[in-house]
Every structure is written in C-alpha cells, then in structure tokens.
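Got your viewer open? Load the model, switch to a cartoon view, and let's take a walk through it step by step.

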Amino acid sequence: IYRDFCVFLMCTGQSPCDAITLKKSDIKMVDGKEHIIFKRRKIAHKQDKPCAFPINDTMRKIINKWGKISSDGYIFPIRNKKKLASQKTDNGDIKHFNGRLNNWLKKVGVILGCDFELHTYTFRHTAITRYISKGVSTSYISEIMGTSEENCREIYYNSRADKQNRDLLLGVSL
C-alpha cells in the first residue's frame, strides 16, 4: 500500500491527510471526465471552491485495487468507521499511517542514496513542481491542488526547468 499511496500522491499532489480521507463518493464526472472532488482538510474553512483533480489511468488502477478491500466507502484501506469511533481525535489514524509511511520512506531514501530525507510531502512538492515544469499553468495547478498561485510561483516554480520560456527567449532577436 505504501508504494501505491506514494504514486497516488505523486499523481494528485495531494497532502497525505487529504488522500487518506478520500471516499469513492468524492469521484464525480466533470466535463465528461472523472475527477476527485475534495476540500483540503488543512484549509477547508477558507477554501471557497473544492479542488477537482482529473483521474488518470494510474490513479484509476490504484483506486480500483485498494477500493475493493477498503471499507465504509474509503478509497484506501486506512480509515473506517470503527477506527474513527475508537479515536480521541479525527486524525489519529492519519497520524499513525503517516508516521509509519514516513519511517518506510526514510529507509527507502537511504537505499536509493537520496541526499535528502524522503517524506510524504515530498510527493506533493514534486508533483506541483513537475506539473509547472511541464507547462501546466500555475492558476490551474493552484485550483486543482488547493494552494495559492503565489505558493506555486514562490515555492514550487523552478525557473531553471522552464524550457518553454527559455526557448522563447532564445528565439527573440534584439
């Protein structure tokens, strides 16, 4: 589950707590395409409009695989009503899974020889950076991932990876 969960985060750019709490009922059709519609747990109180992330083939395979063994409508078999009823807070299961996953990622990072520590948020940051460097607009990314355009530009945007604008600049004659 750890691998599939990380791949899912890499596709969606979601925070781990948002992905853990996703339900099959959060999947809706938008303009003829399946989307995951959700409000970010961290900022739901100030989020006017929910995020609507399109489901790609990789995500669909993961949803189908884990949705079969999940209970209570969740996409991933991490949460269920029984666990929620036994917790003192609404996020004990999230913290527990996230802690175990981060421990696993540290070990994976060492095996891979990473010169930085892998953690669950690495996938959100990498996904956003990757989409920006592929030319997806920061306004669209900020909308589907529940972050601000300012964060996209200041935190995630890597101007050295902006090949399209570099090539445009090289084509301008003086």
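Here is a tour in a handful of stops, each starting with something to select.

**Stop 1: the whole chain**

Before you zoom in, keep in mind that this is a predicted model. Color by secondary structure and you should find nine helices and three strands. Follow the chain along its sequence and the order reads α-α-β-β-β-α-α-α-α-α-α-α. Of the 174 residues in the protein, 40% are buried. Now think about contacts between residues at least 6 apart in sequence: 50% of those join residues at least 24 apart.

**Stop 2: helix 1**

Select residues 2–12, which make up helix 1. How many of the residues of helix 1 are buried? Nine of the 11 are, so this helix is mostly covered. Among the buried ones are Tyr 2, Asp 4, Cys 6, Leu 9 and Met 10. Step just past the end of helix 1 and you land on Gly 13, which has a positive phi of about 70°.

**Stop 3: helix 1 against helix 3**

Keep helix 1 selected and add helix 3, residues 57–67. Two packed helices are described by the angle between their axes and the distance between the axes. For this pair, the angle is about 145° and the axes are 10 Å apart. The crossing of helix 1 and helix 3 is left-handed. Show side chains next: from helix 1, pick Asp 4, Val 7, Phe 8, Cys 11 and Thr 12. They meet Thr 58, Met 59, Ile 62, Ile 63, Lys 65 and Trp 66 of helix 3. Sorted by class, this contact has seven nonpolar, two polar and two charged residues.

**Stop 4: the aromatic rings**

Now display the rings. The structure holds six aromatic pairs. Start with Phe 5 and Phe 97, an edge-to-face pair with 5.1 Å between ring centres and 80° between the planes. Phe 5 belongs to helix 1 and Phe 97 to helix 5 (residues 92–112), so to speak two distant parts of the chain, 92 residues apart, linked by the pair. Are these two rings buried or exposed? Phe 5 has a relative accessible area of 0% and is buried; Phe 97 is buried too, at 3%.

Next, select Phe 53 and Tyr 131. This pair is tilted, with 6.4 Å centre to centre and 45° between the planes. Because Phe 53 sits in strand 3 (residues 51–54) and Tyr 131 in helix 6 (residues 120–133), the pair ties together parts 78 residues apart in sequence. Phe 53 counts as buried at 5% relative accessibility, and Tyr 131 is buried at 16%.

To see a bigger group, select Tyr 2, Phe 5, Phe 8, Phe 76, Phe 97 and Trp 104: they form one aromatic cluster.

**Stop 5: a lysine and a loop**

Jump to Tyr 74 and look over the face of its ring. Which residue lies there? Lys 23 does, at 4.8 Å from the ring centre.

Tyr 74 also leads to the last residue of the tour, because Thr 21 touches Tyr 74 within the 4.5 Å contact limit. Leaving out residues up to four places away in sequence, Thr 21 also touches Asp 26, Arg 41, Arg 79 and Ile 94. You will find Thr 21 in the loop between helix 2 (16–20) and strand 1 (27–30). Thr 21 has a relative accessibility of 18%, so it counts as buried. Finally, draw a distance from the C-alpha of Thr 21 to that of Arg 40: the two are 19 residues apart along the chain and separated by 10.0 Å.

How values were computed:
Residues are numbered from 1 along each chain as its sequence is written. Side-chain values use heavy atoms; hydrogens and water are left out. Axes are lines fitted to C-alpha atoms, for helices over the stretch in contact, and angles run from 0 to 180 degrees between N-to-C directions. Helices (H or I, at least four residues) and strands (E, at least two) are DSSP runs, numbered from the N terminus. A crossing is left-handed if the near helix is turned anticlockwise from the far one by less than a right angle, and right-handed if clockwise. Ala, Val, Leu, Ile, Met, Phe, Trp, Tyr, Cys and Pro count as nonpolar, Asp, Glu, Lys and Arg as charged, and the others, Gly among them, as polar. Rings of Phe, Tyr and Trp (its six-membered ring) pair if their centres lie within 6.5 Å; planes under 30 degrees apart count as stacked, over 60 as edge-to-face and the rest as tilted. Buried means under 20% relative accessible area, exposed over 50%, partly exposed in between (1.4 Å probe, protein chains only). A charge sits over a ring if NZ of Lys or CZ of Arg is within 6 Å of the ring centre and within 35 degrees of the ring normal.
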